[in-house]
Amino acid sequence: MHHFFIPPEWIDKDSISISGEQVHQIREVLRLKSGDGIVVLDNTGMEYQVELRDITQEKVIGKVIKQGLCRNEPETKITLYQALLKGDKFEWVLQKCTEVGVTRFVPIVCERCVASIPSESRFERWKKIIVEAAEQSKRGIIPDLGTIINMKQVCEEVNGFSIMPWEQENCVGIKAQLNNIGTVQHVNIFIGSEGGFSTDEVEYARSKGIVPVSLGNRILRAETAGLVTAAILMYESGEIN
Ligand code: SAH
């Protein structure tokens, strides 16, 4: 069944009213008809099973058949601090990591970043990609996209269980580090850009309690590393079993 995030004010007791872009999606793209079912979400973690009742060019009206808490949100909350990447690679990271279960994305600027700062319209596009990926993967809450921040600054501000996959780390593996995770519910992951993190950045992060870890002997591309780390965390915390 198709999932749609809608503003909470479009839900009035057992009746929903959808307008805007999603009408086109329902009517023209998915060609849904009166009597078909959809799931709507209000981004609070609630989900509503809806039967479509009236579909016009401007509005889709539906009746709530059932409502309850969406059970698909992970208990382990991951924030991915991902360095800006060239081309459309950052978008790929947002899409895939939303599917895997990341809760929050924060784009970071580090020393070896070559990608330019995204324009406002690109940033808006990133948000849209996250919403679409959240709908497709049946998430209950749309992952947040934080504002772009400098690597050094974020090291000052971050707290809690934080790991930084670093391709030159040869003592601490991610498996060993995750043995210390205990009942931690929030994990921060730091991933560098195509050129990796500088030694300075790694040492500075380490001094702030962020632990460099290895992801094994093969070097992953910058857009792959966050996805792999998030998937490992989801598995380790019992979200994938
Ligand atoms: N240009 C570097 C690789 C950078 S990979 C080189 O050629 O050596 C980009 C990012 O992915 C790194 O900053 C790191 O965060 C992560 N990464 C990739 N492979 C990794 C590995 N085997 N272990 C830990 N981190 C890795």
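These legends go with several views of a predicted protein model and its ligand.

**View 1. The whole chain, laid out by its helices and strands.** Start here to get your bearings: the protein chain has seven helices and 13 strands. Its C-alpha trace spans about 60 × 40 × 30 Å along the principal axes. If you follow the contacts between residues at least 6 apart in sequence, you'll find that 73% of them join residues at least 24 apart.

**View 2. Inside and outside of the chain.** Of the 241 residues in the protein chain, 44% are buried. On the outside, the accessible surface adds up to about 12500 Å², and carbon and sulfur atoms account for 48% of that.

**View 3. Where the charges sit.** The protein chain carries 27 positive and 33 negative charges. Take the mean position of each group, and the two points are 3 Å apart.

**View 4. The ligand and the residues around it.** Here you can see the ligand with 19 residues surrounding it. The closest are Pro-165, Glu-194, Leu-215, Arg-218 and Leu-220.

**View 5. Backbone atoms beside the ligand.** Two nitrogen contacts come up here: a backbone N or O atom of Arg-218 lies 2.8 Å from a nitrogen atom of the ligand, and a backbone N or O atom of Leu-215 lies 2.9 Å from a ligand nitrogen atom. Over at Gly-192, a backbone N or O atom is 3.3 Å from an oxygen atom of the ligand. Taken alone, the ligand would expose 560 Å², but the protein buries 83% of that.

Conventions. Residues are numbered from 1 along each chain as its sequence is written. This is a predicted model: local features need pLDDT of at least 70, side-chain atom pairs count only at pLDDT 80 or more; totals for chains, interfaces and linings use all residues. Side-chain values use heavy atoms; hydrogens and water are left out. Helices (H or I, at least four residues) and strands (E, at least two) are DSSP runs, numbered from the N terminus. Buried means under 20% relative accessible area, exposed over 50%, partly exposed in between (1.4 Å probe, protein chains only). Contact means heavy atoms within 4.5 Å. Accessible areas come from the Shrake-Rupley method with a 1.4 Å probe; for residues, only the protein chains shown count as cover. Lys and Arg count as positive and Asp and Glu as negative; His and the chain ends are not counted. The place of a charge is taken as NZ of Lys, CZ of Arg, CG of Asp or CD of Glu. A residue is near a molecule or strand if one of its heavy atoms lies within 4 Å of it. A polar contact is a pair of N or O atoms within 3.5 Å; within protein, one must be able to donate a hydrogen and the other to accept it, and residues adjacent in sequence count only if both atoms are side-chain atoms.
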